[in-house]
Amino acid sequence: MDEYEYYEFQAIDQPLDESARKALRGLSSRARITSAGFSVHYDWGYFRGRPVEMMKRWFDLYVGDGGTYRQLMIRLPKRLVNRAELERVLGGTKIAEIVESRDYLILDIFCEFEPRNYED
């Protein structure tokens, strides 16, 4: 991998307990892990975590920057969101999807773009 990647997750509704922090440490020895979040950047190598799975299990907000993409995920309680209305608002866009987990809907917004060529 030649590019910078940044991953940041926030736990808003419930802090991460010791067992969650231990599981997260298993995904990256370099990450900054607190009771409220997880963040790590890579200039080389690969992150072993899967952001969607991490959102389903522990986090409420995710921001990712991979150099040629940006990603934002927001976990919303199903009981507070009308899925049909959310899908109507998204209007079939190709950059957003709804991922369902047991008690949550995860709004996943992903934008990929071509890197700039600064030599021109």
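These legends walk you through close-up views of a predicted model. Local features need pLDDT of at least 70 and side-chain atom pairs count only at pLDDT 80 or more, while totals for chains, interfaces and linings use all residues. Residues are numbered from 1 along each chain as its sequence is written, and side-chain values use heavy atoms, with hydrogens and water left out.

**View A. Strand 7 and its pairing with strand 5.** Strands here are DSSP runs (E, at least two residues) numbered from the N terminus, and two of them pair if DSSP finds at least two bridges between them. Strand 5 (residues 69-77) runs antiparallel to strand 7 (residues 104-112), with nine bridges joining the pair. Look for arginine 70, whose bridge partner in strand 7 is cysteine 111.

**View B. The hairpin from strand 6 to strand 7.** Strand 7 also pairs with strand 6 (residues 96-100), again in the antiparallel sense, over five bridges. Three residues make up the hairpin connection between strand 6 and strand 7. Here glutamate 100 has leucine 105 as its bridge partner in strand 7.

**View C. The two ends of helix 3.** A helix is a DSSP run of H or I with at least four residues. At the N-terminal end of helix 3 (residues 83-90), asparagine 82 acts as a cap: one of its side-chain oxygens lies 3.0 Å from the backbone nitrogen of alanine 84. After helix 3 comes glycine 91, with a positive phi near 60 degrees.

Technical notes: Polar contact = N/O pair within 3.5 Å; in protein donor to acceptor, adjacent residues only side chain to side chain.
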